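Subject: Structure handover

Hello,

Here is the structure I promised you. Please open it alongside this message. My notes follow below.

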Amino acid sequence: MKLTYIWHDCFWLQSDSANVVFDFWKDPTSPSPSEIPAFLKEADKDKPLYVFVSHHHKDHYSKRIFEWHSLFSDIRYIISDDTARHARHILNPGSLYSGPKPSPSAVTVLKPGESFSDRLITIHAFASTDIGNSYAVSLDGMTYFHAGDLNAWIWKDSSTPEEVEESLSDFGKILDSILMKYQSFDFVMFPVDSRIGRDYFTGAKLFVRVFDVRHFFPMHFELGEDAHQIRKFHLDAAKTELYMNPHDGEYICLQMPYSSFSRG
């Protein structure tokens, strides 16, 4: 398998039996936003494509994903309920929207606690501490977790102790719900975002102590106002010594578009 970092929260997974895209926002290497992303141009079109959307915020979702159905004969969109509401004009075959529309049979809408499986893949949707879903995915004997915006968003520099405690409690309850089904993951994609200030790494640190994580990939660090700030966010996310479990796992910081990790 090969896991490729595209941008912010978007990862491109190529496994033996399928292609998977998580939370596509944009391809920063494309000269035009309207151009098909380079990774899709190179994809094996004989394999099915699964397209995940954790929620409809603009840094996790682009309506351009619904153009991709013309490239793959076997494509399935796994989207959150809030995304389905946001894109109802695209998903409704009878709407007046004239842009690309996927077949209704190719769209699966999941709420937290719901699941989907077919001959290749098993998906469980879990809650988020923001909106939408986080996803656990089993494919080709491997387990993957994409957090979406699930994190301990504690904002310690501006929140009261009570607000911090409430945020940690909400985060812990979701981890407990995941733990009822999964105790370990082969690959985890999880926010490590220093915009939130002091102890920004708390969510990641807690996650890798609750679950046995074999490979951990930080994400959600591209929202700076300029190149200097983005570079700082990258460096902060790469300080794995602040959140890593010293007894387990490998921590891999993919931060350049199209940098990748392969397992053989």
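**The first strands**

Strands S2 and S3 (residues 19-22) pair in the antiparallel sense, over 4 bridges. Before going further: this is a predicted model. The two strands form a hairpin with 4 residues between them. Within this pair, glutamine 14 has asparagine 19 in S3 as its bridge partner.

S2 covers residues 10-14. Of its 5 residues, 4 are buried, so the strand is mostly covered. S2 also pairs with strand S1 (residues 2-7), again antiparallel, through 5 bridges. There, tryptophan 7 has cysteine 10 in S2 as its bridge partner.

**Two positive phi values**

The hairpin of S1 and S2 has 2 residues between the strands. Histidine 8 lies in that loop. Its phi is positive, near 65°, and histidine 8 is not a glycine. Most residues other than glycine have a negative phi. Histidine 8 is also buried, because its relative accessibility is 0%.

Aspartate 140 is another non-glycine residue with a positive phi, about 50°. It sits in the loop between strand S9 (134-139) and S10. Is aspartate 140 buried or partly exposed? At 36% relative accessibility, it counts as partly exposed.

**The seven-stranded sheet**

An open sheet has 7 strands in the order S7-S8-S9-S10-S11-S12-S13, and its pairing is mixed. Strand S7 (115-117) and strand S13 (250-251) stand at the edges. Each has a single partner strand, so one side of each has no neighbour in the sheet.

At the S7 end, 3 bridges join S7 to strand S8 (residues 121-126). These two strands run antiparallel. Serine 115 has histidine 124 in S8 as its bridge partner.

S11 and S12 pair differently in sense: they are parallel, with 7 bridges. Serine 184 stands opposite aspartate 212 in S12. Why is S12 described as largely enclosed? Because 6 of its 8 residues are buried.

**Helix H5 and its packing**

Helix H5 spans residues 202-210. Its buried residues are Thr202, Gly203, Ala204, Phe207 and Val208. They pack against strand S10 (142-146), H4, strand S11 (184-191), strand S12 (212-219) and S13.

**Valine 164 in H4**

Helix H4 runs over residues 161-179 and includes valine 164. Valine 164 is buried, because its relative accessible area is 11%, under the 20% limit. Leaving aside neighbours within four places in sequence, valine 164 contacts Ile154, Lys156 and Ser159. Isoleucine 230 is 66 residues away along the chain, and its C-alpha atom is 25 Å from that of valine 164.

**The nonpolar cores**

The largest nonpolar core has 60 residues. Which of them have the most contacts inside it? They are Phe52, Phe145, Ile178 and Phe216. Apart from this core lies another, of 26 residues. Trp12, Phe24, Ala84 and Val107 are among them.

Phenylalanine 52 shows what such a residue touches. Neighbours within four places aside, phenylalanine 52 is in contact with Val20, Val21, Phe22, Asp23, Ile78, Ile121, Ile123, Tyr135 and Val137.

**Histidine 60**

Histidine 60 is found in the loop between strand S4 (49-53) and strand S5 (75-80). It counts as buried because its relative accessibility is 0%. Beyond neighbours within four places in sequence, histidine 60 is in contact with Asp9, Asp23, Phe24, Trp25, Val53, Ser54, His55, Gly148, Asp149 and His220.

**Aspartate 82**

Take a look at this one. Aspartate 82 is in helix H2 (residues 81-86). It is buried, yet it has no salt bridge. Which side chain of opposite charge is nearest? That is arginine 85, 5.6 Å away. A salt bridge needs the charged atoms within 4 Å, so arginine 85 does not qualify.

Aspartate 82 does have polar partners. Its side chain makes a polar contact with the side chain of histidine 56, at 2.7 Å. Another goes to the side chain of serine 80, at 2.8 Å. Leaving aside neighbours within four places, aspartate 82 is in contact with Ser54, His55, His56, Ile131 and Gly132.

Best wishes

Methods. Residues numbered from 1 in each chain as written. Predicted model: local features only at pLDDT ≥ 70, side-chain atom pairs only at ≥ 80, totals over all residues. Heavy atoms only, no water. Buried < 20%, exposed > 50% of the residue type's maximum accessible area, 1.4 Å probe, protein only. Contact = heavy atoms within 4.5 Å. Pairing = 2+ DSSP bridges. Core = buried A, V, L, I, M, F, W, Y, C linked by side-chain atoms within 4.5 Å. Lys, Arg positive; Asp, Glu negative; His and termini not counted. Polar contact = N/O pair within 3.5 Å; in protein donor to acceptor, adjacent residues only side chain to side chain.
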